[in-house]
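Reader: I should like to learn how the strands and helices of a model are to be read. Could we take one feature at a time?

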Amino acid sequence: MNTLNKKKALFVDRDGVIVIEDQIDTYERIIYIPHMFEALRTIIKKGDWELVMVSNQDGVGTPSFPMEDYQMVADRIFSTLEGEGIVFDDVNVDFSLPEDNCPGRKPGTAMLTRYMNGDYDMSKSFMVGDRLTDMQLAKNLGCRGFWLTEESETPEEYKDVIALRTDNWLDIAAFLTDDTALAPRKAVLSRKTKETDIEISLSLDGTGRGTAHSCLGFFDHMLDQVIRHSRCDLTINTDGDLEVDEHHTIEDTALLLGECYLKALGDKRGIERYGFEIVAMDEVAATVAIDFSGRPELVWDVEFNRDYVGDVPTELFKHFFRSFSSTARCNLYISATKGGDTHHTAEAIFKGFARAIRKAVKRIPGATELPSTKGVL
Ligand SMILES: [Mg+2]
């Protein structure tokens, strides 16, 4: 059989890839991996891989994890996948214990010999797994692997077999369908001066995960609003010269954050570009409008009743947004009703900022054009 007629397989692990790794013996414990449905649907729609599940499930069949509980949950997982148009062509589950040295247990290939008899083009087949044993299985099968992990380095001995190491299913869909528009938009940047040392990692296509550490409690509280309400994955670590004052810490964090947005947005094709939000918080309403126009501008119509909120001087909020707009190259319009509580005013503004960003960076499904009549942003 020539390679043109050969079939292709996408081997997919279950725990850590379809659902989070756990003893999943009740419906409540089923938690799906972010973007898995979207990625697999895209792969199925645009490619012709046979979907093959390969899973080790040691511990099933013991008193603490009866087979009936496993089966009930597995049935639910498959029916949910099917409801989303994702149907596995073949399911291979090994229930043996590691010490049994069963040849069917990953990375053994005994359950998969039919894929190794020449009918399948292994150079175009892949294994998706969250463990290095999955990548070893890919090696043993003669295919390549997608290592779905938060690890930041690939061990030397797996460099040839791992086609892609990523923490996001959409990267795998982009790789397999050759559609870079699917790839998560990310930026990881650092900035070190005599005044501050900052690292920021940003993914625009996240779920609002991440943390902020600046040693300024109220500033962290505001950055947390940005993380949760923008639904970007964002980790911010700032070590600033607070022995001087708060200025450099807040200014430089904003500068680098803006730079991250500019970088992650890339050529800005297919995005909404504009975002706006009015956020009510008790007696305050804040209005934020943003345009990732390529030009910096801040319009600020906000008054605070106090000089400080927590450990942050309120005058620095304006400076934060001006700094952000200068490096993100966006127009920002921010206003808030006057006379309200200072904490509420600041928080409503940051929430509005985050939610305006969420709208502006959103990709319009299928759109590839630049949202500008000028042809450049
Ligand atoms: Mg796994």
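Author: Let us begin with pairing: two strands count as paired if DSSP finds at least two bridges between them. This is a predicted model, and in it six strands form an open sheet in the order S3-S2-S1-S4-S5-S6, with parallel pairing.

Reader: Which strands stand at the edges of this sheet?

Author: Strand S3 (90-94) and S6 do; each has a single partner strand, so one side of each lacks a neighbour in the sheet. On average, neighbouring strands of the sheet are turned by 15 degrees against each other, direction ignored. S5 and S6 run parallel and are joined by four bridges; Phe-146 has Leu-164 in S6 as its bridge partner.

Reader: How should the buried residues of a helix be read?

Author: An α-helix has 3.6 residues a turn, so residues three or four places apart point the same way. In helix H3 (residues 132-141), the residues Asp-134, Met-135, Leu-137, Ala-138 and Leu-141 are buried. They lie on the same side of H3 because they cover an arc of only 150 degrees around the axis.

Reader: Against which strands do the buried residues of H3 pack?

Author: They pack against strand S2 (49-56), strand S4 (126-129), strand S5 (144-148) and strand S6 (162-166). H3 runs at about 170 degrees to S4. After H3 comes Gly-142, with a positive phi near 90 degrees.

Reader: In which sense do S7 and S8 pair?

Author: Strand S7 (residues 186-192) and strand S8 (residues 196-203) pair in the antiparallel sense over seven bridges. They form a hairpin with three residues between them, and Lys-192 stands opposite Asp-197 in S8.

Definitions and conventions: Residues numbered from 1 in each chain as written. Predicted model: local features only at pLDDT ≥ 70, side-chain atom pairs only at ≥ 80, totals over all residues. Helix = DSSP H or I, 4+ residues; strand = E, 2+ residues; numbered from the N terminus. Buried ≥ 20, exposed ≤ 12 C-beta atoms within 10 Å, placed from the backbone. Arc of directions from axis to C-beta. Contact = placed C-beta atoms within 7 Å. Axes fitted to C-alpha atoms, helices over the stretch in contact; angles between N-to-C directions.
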